[in-house]
Amino acid sequence: MSDAKPIIEATHLDKFYGDFHALKDIDLTVHQGEKMVICGPSGSGKSTLIRCFNGLEWHNSGTLVIDGIEVHEQSKQMRGLRQEVGMVFQQFNLFPHLTVLENLMIGPMKVRRLTRGQAEETARKYLDRVHIPEQADKYPAALSGGQQQRVAIARSLCMETRIMLFDEPTSALDPEMINEVLDVMVELAHSGMTMVVVTHEMGFARKVADTMVFMEQGEIVEVSSPDRFFTSPSSERCRLFLNQILEY
Amino acid sequence: MIRFFQKFRWPDWVILGVLMAFFGYIWFTIEGSLNYSWRWHLIPNYILGWHTTREVYFANILLQGLGATIRISVYASVLALIFGTILGIARCSSNLTIRMLARTYLELLRNIPPVVVIFIFFFFLSQQLIDFLNLERWARGIARQDNNAVWEFFFGEMRRFPSLIAGVIVLALFESAFVGEIIRAGIQSIPKGQREAARSIGMSHGQELRYIVLPQAVRKVVPPLANQFISLIKDSAILSLISVQELTYKTLELVASSRMIFEAWLTTAGFYFVICFGLSRLFARFEKRSDNR
């Protein structure tokens, strides 16, 4: 991966919530086309980290360069950058007052200024990609969790983003729906999208990850390839964590 | 009706008896000691008068007042909705100054008696505005025209237009504080995730508010806004203090000229009750219907 262009570069990133040190001196580089899986116990700062990548949270010190542009709280470019960085949330966050199709069209129409026809074409294309074209005219509340999350993925894709961030996309789902979402994510990974995924789905990680990151208490403890990560992690804490989640 | 009374048990009869005795006593006092002569038969004439020379019915003093109350309530609520929405958005602003200004306005209005607020608004604001815009002369000009029926339909007697506008502005400014609180509650009831999702697809702050937050908030605020509208109709009675010719003011006039104290006030109370109760039943039905969907 080292020959590809870096697309997210974090150096010495620090983040505080009041006195709480949420991110401690984070150094991390994501290259174009790379699939990175971040795991770690809850409260380890992994969600905070990827929320910094599209400006839902701001770092307090250090530098964060996304697609060649340095971002910080005052930077005007963040809004433009967000159009390049998609985000999929744990709680889906679909817009309940809009139909599935409208959920997908509102971004392209209002932000990218596409016409209704163009936006609908894009929306239907990506609804096909997530395998639920027949749900286009329903409201989100009428969909199952798995379907809602796939719509959320399609909503991000409709913005033709270059980076996709996933914040525990399957944690709020019933077990039987996890696979349909992961399948869509695997297909997306094979299409060459740059992905940063916070998840505990180690099967998914094994299948697609180029890089595994383990975080604990706001620090990056380990960055390695999946092969090394799952067989011989270099840190003791990482090994303990893996034992816990892989035991069952 | 018989089945209704069958549900009564002895305590209900006791309560009913006491109440009837109480009202009977009041009735007796008025009849006996006050030597009050009831003239209910005159009231319909003050609602719908008969023009003896032109031989047509015309809206007399009470119906004029009712018309003015309805006009003022409708215009004031539209204006209050606009001010209130701005105020509600300002209350959720990320800018501290804007937030503080909106909060100050709200707290002032909440903690000063409505009558005092109305006098202050009237003398300091709406009167200045009317002088500034020269509305007085403009309205008199229209009143002198022959074909001013449309104007009269929307604004009543055009000579009274400045006072109507003053009333509308004063009432709207007063109610907007409460509308603003309803709007703020509506906006803040939208989960944070909705805003984050909007931002993550690149929406600006304004787009996020316009396309995502407000459409969802509107659905939540309709029932409390409907109640506020009913409050506004009742509050409009205070405008009689600044000589706006609405129902209460007209009733005061009627009482002063005809001495029909009880009849006039009971009729006016009936008007207010029918309108407000009718609206609240109507809104309740709408609400039920939209819940079923």
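This report walks through the domains, sheet, core and chain contact of a predicted model.

**Domains of chain A**

Chain A is assigned two domains. Domain 1 covers 1-66 + 162-248, and domain 2 covers 85-160. Their C-alpha centres lie 24 Å apart. The two domains touch: 18 residues of domain 1 of chain A are in contact with 15 residues of domain 2 of chain A. On the domain 1 side, strand 7 and helix 6 (175-190) of chain A each give two or more residues. Strand 7 of chain A provides the largest share, five residues. By class, this side of domain 1 holds 12 nonpolar, two polar and four charged residues.

**The sheet of chain A**

Six strands of chain A form an open sheet. Their order is 6-7-8-3-9-10, and the pairing is mixed. Strand 6 (85-88) and strand 10 (219-224) of chain A are the edges, each pairing on one side only. From one strand to the next, the twist averages 15 degrees.

Strand 3 (residues 35-39) of chain A pairs with strand 9 (residues 211-216) of chain A in the parallel sense, over four bridges. In that pairing, A:M36 has A:T211 of strand 9 as its bridge partner. In general, strands of a sheet pair through backbone hydrogen bonds, either parallel or antiparallel.

A helix also packs on this sheet's strands. Helix 5 (residues 145-158) of chain A lies across strand 6 and strand 7 (163-167) of chain A. Helix 5 runs at about 170 degrees to strand 6 of chain A.

**The largest nonpolar core**

The largest nonpolar core has 127 residues. Six of its members touch the most other members: A:I38, A:A154, A:L165, A:V196, B:V170 and B:L171. Helix 9 (residues 161-188) of chain B gives the core its largest share, 17 residues. From chain A, domain 1 and domain 2 each contribute at least three residues to this core. In soluble globular proteins, nonpolar side chains tend to be buried together.

Take A:V196 as one example from chain A. Setting aside residues up to four places away in sequence, A:V196 touches A:V30, A:M36, A:I38, A:I50, A:F53 and A:L165. Among these, A:M36 is the residue bridged to A:T211.

**A closer look at B:F121**

B:F121 sits in helix 6 (residues 114-133) of chain B. Is B:F121 buried or exposed? B:F121 is buried, because 20 other C-beta atoms lie within 10 Å. Beyond its neighbours within four places in sequence, B:F121 is in contact with B:S126, B:V170, B:L173 and B:F174. B:V170 is 49 residues away from B:F121 along the chain, yet their C-alpha atoms are separated by 5.8 Å.

**Where the chains meet**

Chain A puts 19 residues into the contact between the chains, and chain B puts in 15 residues. On the chain A side, helix 2 (78-82), strand 6 and helix 3 (100-110) each supply at least two residues. Helix 3 of chain A gives the largest share, three residues. Strand 6 of chain A, an edge strand of the sheet, is thus named here as well.

The table sets out the classes on two contact sides.

| Side | Nonpolar | Polar | Charged |
|---|---|---|---|
| Domain 1 of chain A, touching domain 2 of chain A | 12 residues | two residues | four residues |
| Chain A, touching chain B | eight residues | seven residues | four residues |

Conventions
Residues are numbered from 1 along each chain as its sequence is written. Chains are lettered from A and ligands numbered from 1 in the order in which they are written. This is a predicted model: local features need pLDDT of at least 70, side-chain atom pairs count only at pLDDT 80 or more; totals for chains, interfaces and linings use all residues. A nonpolar core is a set of buried Ala, Val, Leu, Ile, Met, Phe, Trp, Tyr and Cys residues joined through C-beta atoms within 7 Å. A residue is buried if 20 or more other C-beta atoms lie within 10 Å of its own, exposed if 12 or fewer, and partly exposed in between; C-beta atoms are placed from the backbone. Domain bounds come from an automatic or database domain assignment. Two residues are in contact if their C-beta atoms, placed from the backbone, lie within 7 Å. Two strands pair if DSSP finds at least two bridges between them. Axes are lines fitted to C-alpha atoms, for helices over the stretch in contact, and angles run from 0 to 180 degrees between N-to-C directions. Ala, Val, Leu, Ile, Met, Phe, Trp, Tyr, Cys and Pro count as nonpolar, Asp, Glu, Lys and Arg as charged, and the others, Gly among them, as polar.
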